[in-house]
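Please open the model in your viewer and keep the selection panel at hand, since each stop below begins with something to select.

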Amino acid sequence: MDERRYHLTMLAENTEGYHNMIELVTTSHLEGFYYKPRVDKELLRKHSKGIIALSGCIGGEIPRALFRKDFEAAEKLVAEYKDIFGKDNFFLETSHHPNIPNHDEIQAAVRELAKKTNTPLVGTQDSHYLKAEDAEAQDVLLAVQTNSKIDNEDRLTMKADDFSFASPAKMREALKDVPEAFANTLEIANRVNIDIPMGVLQLPHFDVPQGFTVESYLAHLCNERLPKRYPAVTPEIRQRLDYELSVINKTGFSAYFLIVQDFVNWAKKSGIVTGPGRGSAAGSIISYILGITNIDPISYNLIFERFMNPDRISMPDIDLDFADTGRDKVLDYVRNKYGNDKVAQIITFGTMAARAAIRDAGRALGIPYGFCDQLAKMIPFNPTQGMKEGWLAECLDNIEELKTIYEQNAEAKKLLNAALKLEGVCRHASVHACGVVVTKDPLKNIVPLQHATGEEVTGEVVVTQYEMHAVEDLGLLKMDFLGLKNLSIIERTLELIKRRDGTLLDLDTIKLDDPEVFKTLAEGKTVGVFQLEGQGMTRYLKELEPSNIEDIIAMISLYRPGPMELIPSYIKRKHGKERVTYMHPKLEPILKNTYGIAVYQEQLMQIAQALAGFTLAEADTLRKAVGKKIKALLIEQKQKFVKRMIENSVEKDVAKKLGELLEPFARYGFNRSHAASYALVAYQTAYLKTYYPLEFMASLMNSDEKDVERIGFLIKEAGELGIEVLSPEINYSDEGFAPQKKDDKLAIRFGLRAIKNVGSNVVRAIISERNQNGIFASLADFLERIPYQDLNKKSLEALIKSGAADTMGERAQMLENMESLLSHHRDSTKVNNANQDSLFGELPQKLVSTLALADAPPASQEEKLRWEKELLGLFISGHPLEKFREVLARQKLNIKMIKTFREGTPVIVGGIVEELKKVLTKQNQPMLFIRLADLEDSIEAVVFPRLLSNNGDVFQPDTCIVVKGTISIRGGNPSIICEKAQKLGQKSNTPKESAAV
């Protein structure tokens, strides 16, 4: 393979050139990629029409030839490029970077070559950042991207010259010897004239039966499926359906609905659990009838115009949730139906958030991690999700602690100045979590494509090089296929229920007013319940005591920065502890379900309709003005809203008060259609936890099996539900967590794949052999039946240490006799292979020598627990803190309690060191961040250098300790600043702090 590559600048002069450029860029990435995207001259020649080509910077093929002083080759290359692009479409670049080695010499040669070959010159400049003062920040960014430090002399850098965007005056001065080059820059700019159609709908073709149009077939399907959703079709339902059909036909989106319903219903028929809806699509009765959504918009009072506004035509946005285990199958179905060349995922560009910018800049600048981490943690999490930059500057203005260290510490100032420049900068490209584009014509004719990169990408994934907004602007069909873990949990739970007793549970038929389900939520049993898990949400649910699905819809909508402050009032009003009032009688039917509090965007639309006489289409325009926070549009709509209310006989004072509520409502208003859809999934998961806790918890554990901390938390939750979690066992474990009965009690068995160093081949071999020929009667039986190539010393040792072979022998004895076990395994494998090689089975089976194990002292409980932690990531058969249970029980405080304390509260608490991270301070002294856990909860504790130097032996992994300190709260997260520490149970020198303590 030819590894040489050269730079070449190409500009699309017209639409034909633009499409040729797309073809070249796509091919360079999909077929010519070798470290960098590449094309050859044959491909250039094939797609050269409509393209203006420039010879490139000093990395171009012609400048390289001139650098080698191969003038003959340079002349031939000029002739070749003119032949490819046309003599009027090829220019030689001349630029001004005097500090680059050999640059002036090469530029002189380029200008001489231009005269000799009668080729026009064009002035260019290599620009990598906008302003000259951005040079230092760009250098830091380069160091971040190349994972190096700025003081590394061998790294990639551009410090040698100015690579900013030069002004016309500067370029005119730089090119004063060749004024024609300056003039040609403008000439080329004037020649470029491309008309890219924007917003012209380009839906894929959908085949309909003979005699139908897409419009008539959509109506046919709706009427055909209507009785299934509505056995009794009321005038309201018929009117709603006819209205929606008229809007969809008028706007040209009939094919869109046919396309979506086709693959959604295919997914359901294929057993892939599909979400009831997401976003505003649940407001459409057609979506409901066709099976795209599973929320009745009539029953839930959802508004179609929130989804499609007939006055402001834009592509409707149907976002879809699938079980994450089935998402790729749905994507494959769409590819097979419409063509692999017409379906691609969408690229996304990850940008540096404030905290990441601080940490990355600090690493590049060589500043100790501990100091960078300290600064980063001063930045609260950004409540404005769409705010890509500016948050750090806002924090510097408003957070006194950060402002002080910026002003008083030179190193902090240097770091934060660099981070301010980096915040919002694109760091990497990856695959959008759910964005998919489907087209009628091959994608390579419309958008440039490339292969996706990143650790999360498996296989060859093709993505667009345009991000999702550009894809939508081109009129292409962009859809969100989101793989939702919670739907996979539901899917696995239903499978386990069926496996247990054959029950085919249909969640679409369960009652949505089951008091036992609401009791589960009111008791705070929310672990694993979609959207309702978490300390804050659980606390509010216990106070609320939800009694209907409306409560869940409201809590999902309110539990966000901004509207969260309304939750206490909502709870008080539900329980009659606060009076419910309405500014106007017409508000009562709109706000009754939320006790007079405006929660949903749809409520705003209904208020505008009822009080101001807005059509729902006009009301949606008002809703968008509020939501988008576009000041001019908001002022215009507010004036219209107030004026129309007054004209509609609403008192002037009331109208003005309602108008003033529009701006705050931007922080509060939530999409009810989305909340109702997710509330249904929340209810379904709560239902499964209530009635099928064993299967639900097993599914939950399988979904999080790679997160050891989460598994530990789920084991505690299972215990609260009366479910024991059992160690892995060769004779009873599946691959993953599985429900089992132990002495007629509920239990979940650890899976074999959870054991480190036990490969997937060994796991499958064990389960397959057990399923075919029964359980293993003894250790010898196990060794004789598992093929040699699947079981080695490392995996056998891991099975023993983890406790998976406890029914076959004592752990320490088996480990002490490891060589005998391996020898027996090898011998038995040879016998098995010999018998298989005997064509007619005529050779008598040679008996394997009897397995006899030498005596060895049994493993202590401490050893067993240490092995389990090493191989499973947590303790299963016991816990190091168990022997201190009585001591801990006598203490006044535990971790769960102290996490609710205020900043600066003194505490003494015992626990085990679960995690330990050592960092260096600014003075290059070691300090620790530890995760301290008791039998109920865990918390971060900070150990500063002085305490570490005096008590270093106390802070060791899996050591039971007691600490004295004070509570510190950063970013809403409590931690302990340690002042003293000792091993748990050890006598203290200070009697009052005795740990028993």
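Two strands count as paired if DSSP finds at least two bridges between them. With that in mind, and remembering that this is a predicted model, select strand E6 (residues 343-351) together with strand E9 (residues 462-464), which pair in the parallel sense over 2 bridges. Within this pair, Gln 345 has Val 463 of E9 as its bridge partner.

Next, widen the selection to the open sheet of 6 strands, whose order is E5-E10-E7-E6-E9-E8 and whose pairing is mixed. Strand E5 (319-323) and strand E8 (449-451) stand at its edges, and because each has a single partner strand, one side of each is left without a neighbour in the sheet. On average, and with direction ignored, neighbouring strands of this sheet are turned by 50° against each other. Now add helix H11 (residues 254-269), which packs on the sheet and touches E5 and strand E10 (477-484), its direction making about 20° with that of E10.

For the interior, select Ile 552, Phe 641, Phe 782 and Leu 799, the residues with the most contacts inside the largest nonpolar core, which has 129 residues. Helix H31 (residues 672-691) supplies the largest share of this core, 11 residues. Around Ile 552, leaving aside residues up to four places away in sequence, you will find contacts with Phe 518, Leu 521, Leu 532, Ala 679, Ala 682 and Tyr 683. A second, separate core of 48 residues includes Tyr 230, Leu 245, Val 247 and Ile 289.

Finally, turn to the cysteines: how many disulfides does a search of the whole structure find? The search finds 0. Cys 960, for instance, is in no disulfide, as the nearest cysteine sulfur, that of Cys 978, is 15 Å away. Cys 960 is buried, with a relative accessible area of 10%, and Cys 222 is also buried, with a value of 0%.

How values were computed:
Residues are numbered from 1 along each chain as its sequence is written. This is a predicted model: local features need pLDDT of at least 70, side-chain atom pairs count only at pLDDT 80 or more; totals for chains, interfaces and linings use all residues. Side-chain values use heavy atoms; hydrogens and water are left out. A nonpolar core is a set of buried Ala, Val, Leu, Ile, Met, Phe, Trp, Tyr and Cys residues joined through side-chain atoms within 4.5 Å. Buried means under 20% relative accessible area, exposed over 50%, partly exposed in between (1.4 Å probe, protein chains only). Helices (H or I, at least four residues) and strands (E, at least two) are DSSP runs, numbered from the N terminus. Contact means heavy atoms within 4.5 Å. A disulfide is a pair of cysteine sulfur atoms within 2.5 Å. Axes are lines fitted to C-alpha atoms, for helices over the stretch in contact, and angles run from 0 to 180 degrees between N-to-C directions.
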